[in-house]
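Reader: Hello! Could you take me on a close look at one part of this model, the place where the two chains meet, and then tie it to the rest of the structure?

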Amino acid sequence: MMKQYASLLWLQLRTSLALAMQYRADFLTDGFVEVFWMITALVPMFVVFGARPNVAGWTFGEALMVTGFFTLLQGVLEGAINPSMTLVVEQIRKGTFDFVLLKPKDAQFLVSTARVLPWRAVNLATAGGVFAYGFTKLGRSPSLADVVAAGLLLFASVAILYSMWMLAVTLAFWVVKVDNLTVLFGAVFDAARWPSSVFRGVVHILFTFVIPLGVMTTVPANALLGRTSLAQVGGAALGAAIALGVSRLVWTRAMSRYTSASS
Amino acid sequence: MSLRSTVRALPTMIRVGFSEAVAYRAETIVWIAATTMPLVMLALWHAVARDAPVGRYGAPQVTAYFLAMFVVRQLTGSWAVWLMNMEIRDGTLAQRMLRPVHPLIAYAISALAELPVRGLLAVPVASIALVAFAGDQLARDPALWAIWIASLLGGWLITLLANLAIGCLALFIESSTKVMDVWLALYFVFSGYLFPVDLFPPALRHATEWLPFRYQLGLPVEIMTDVYDAPAALAMLGRQWAMVAVMLGVVALVWRAGVKRFAAYGG
């Protein structure tokens, strides 16, 4: 069973790569634009920390960890989550979602792995660079335990991000047109670029509990800096499991409501 | 394609464009809500300026700057490049060229007609917030507000002309939205959208005076928040409109060269 899904995943990834490469010139400009965006996205960091050595309790080196995790998650969001979800929303609207349901494998798995944008992998490399630069600034390297904890928390972040997106997509079964959500969520997600202590009051509560942006980037960054506890990692894992469970439950509920576009 | 017939068609075209914008008002609200960047930046720069001002920017100046930025961004937006890319690829441009109004003017008008809807939805709230939280930071001189209106128009024109110029590039290459992405990345950094351009190191700050981006957003915001006295504002306005003239020339050139290549496929 597991092996079948693994080979299916591999197949889906290969199809995405082939799709992305069918227009060579476009593929290359894509890569160039991606790198360009990554570089310009770092400019505000330099300006902010050029003005102050310390912002909301974070030094430049420490804040770079948050930027690193943001870059990683943005890569995952825009490279693996967004494209698949946009596709399924379109399928629901057009009625071609029927073809997905006809396939003998789990529909949620199929739609979640349907499309990957290979160039977003640039984000992973950039994030690596940002981490390295940050630790050079801090003048030390992370301990193995910190890296493991940060890795686990990153995994939890991806799970939460994916679950939130899954919930948004299931909305499409009721309201059909949700493609704008991608833009909206992308705009809100951009706030995760900065340590969550930057935000105060209502916004802080919003970004912690409603859209847990702070949890997604600031918490793993703290872990990498050795400022986390076992309880926090456990809590994040539990939260991620709950999020995944809820999104699965809502998805199956929504599926039973799906009536196809033609009927 | 006389000027007179174009002028006669204008009111109707604006009405059509406006109705289109109203028809998709829910979508417009989402687009407005997606303009969260100035508010995130507001929170960030507040954290930066919490203890002591950065350059000229203390907490009240930061509030005024980014709320003004939100307003200006809503009023100077243009998205013509995506429409043009679509219409050039599917051949709809051919139909537009048959009409007695120049296609570029038609794009400009439909872009213009979107603004009142956005303005009506977003600007009142933001303006009230601006006056309530940072009223004392705003310009007092009526002359400055007159210059501000001219600068807003200039900023919108530069945004529109950039959209049209890059849109025309789609006549040469399959899709020019990637070029727009590059433009947008530069625009975010150099326009003052993420931080006031004053905070750049001197060399880069000087560069912003020769690039179009600052005149799109930064200048109207700076005039609003009382950075310049009237003569200085007027001088900057002159530069802005010189930039408008340059962009107009670029659009004319690219269009003329490009339209010869247009094969009207599918039309």
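Author: Happy to, and let me start with chain B, since its own fold sets the scene. Among the contacts in chain B with a separation of 6 or more, 82% join residues 24 or more positions apart. Please keep in mind that this is a predicted model.

Chain B has 13 helices and zero strands, so its pattern along the sequence is simply α-α-α-α-α-α-α-α-α-α-α-α-α. Its radius of gyration is 19 Å, close to the 18 Å from the globule rule for 267 residues, so chain B is as compact as a globular protein of that length. Along the principal axes, the C-alpha atoms of chain B fill a box of roughly 60 × 40 × 30 Å. Of the 267 residues in chain B, 41% are buried.

Now to the meeting place itself. The contact between the chains draws 21 residues from chain B and 25 residues from chain A. On the chain B side, the elements that give two or more residues are helix 2 (25-33), helix 3 (37-48) and helix 9 (177-190) of chain B. Sorted by class, that side of chain B has 17 nonpolar, one polar and three charged residues.

From there we can turn to the nonpolar core. The largest one holds 134 residues, and B:Leu44, B:Trp45 and B:Ala68 touch the most other members. Helix 3 of chain A gives the most to this core, with 15 residues. In soluble globular proteins, nonpolar side chains tend to be buried together. Looking at B:Trp45 by itself, and leaving out residues up to four places away in sequence, we find that B:Trp45 touches B:Tyr57, B:Val62, B:Phe66 and B:Phe195.

Helix 3 of chain A deserves a second look for its packing too. Two packed helices are described by the angle between their axes and the distance between the axes. The axes of helix 3 (residues 60-94) and helix 6 (residues 121-138) of chain A come within 8 Å and cross at roughly 175°. An angle over 145 degrees counts as roughly antiparallel, and helix 3 and helix 6 of chain A are therefore roughly antiparallel to each other. Residues in this contact include A:Phe60, A:Leu64, A:Gly68 and A:Leu72 from helix 3 of chain A, and A:Ala127, A:Val130, A:Phe131 and A:Gly134 from helix 6 of chain A. By class, the contact of these two helices has 11 nonpolar, 10 polar and one charged residues.

Stepping back to chain A as a whole, we find 12 helices and two strands. Their order from the N terminus is α-α-β-β-α-α-α-α-α-α-α-α-α-α. The radius of gyration of chain A is 19 Å, close to the 18 Å that the globule rule gives for 263 residues, so chain A is as compact as a globular protein of that length. The box filled by the C-alpha atoms of chain A is roughly 60 × 45 × 35 Å along the principal axes. In chain A, 36% of the 263 residues are buried, and 80% of the contacts with a separation of 6 or more join residues 24 or more positions apart.

One last residue rounds off the tour. A:Ile242 sits in helix 12 (residues 230-257) of chain A. A:Ile242 has 13 other C-beta atoms within 10 Å and is therefore partly exposed. The C-alpha atoms of A:Ile242 and A:Ser197 are separated by 25 Å, with the two residues 45 apart along the chain.

Definitions and conventions
Residues numbered from 1 in each chain as written. Chains lettered and ligands numbered in written order. Predicted model: local features only at pLDDT ≥ 70, side-chain atom pairs only at ≥ 80, totals over all residues. Contact = placed C-beta atoms within 7 Å. Helix = DSSP H or I, 4+ residues; strand = E, 2+ residues; numbered from the N terminus. Nonpolar A, V, L, I, M, F, W, Y, C, P; charged D, E, K, R; others polar. Axes fitted to C-alpha atoms, helices over the stretch in contact; angles between N-to-C directions. Parallel < 35°, antiparallel > 145°, perpendicular 65-115°, else oblique. Rg over C-alpha atoms; globule rule 2.2 N^0.38 Å. Buried ≥ 20, exposed ≤ 12 C-beta atoms within 10 Å, placed from the backbone. Core = buried A, V, L, I, M, F, W, Y, C linked by C-beta atoms within 7 Å.
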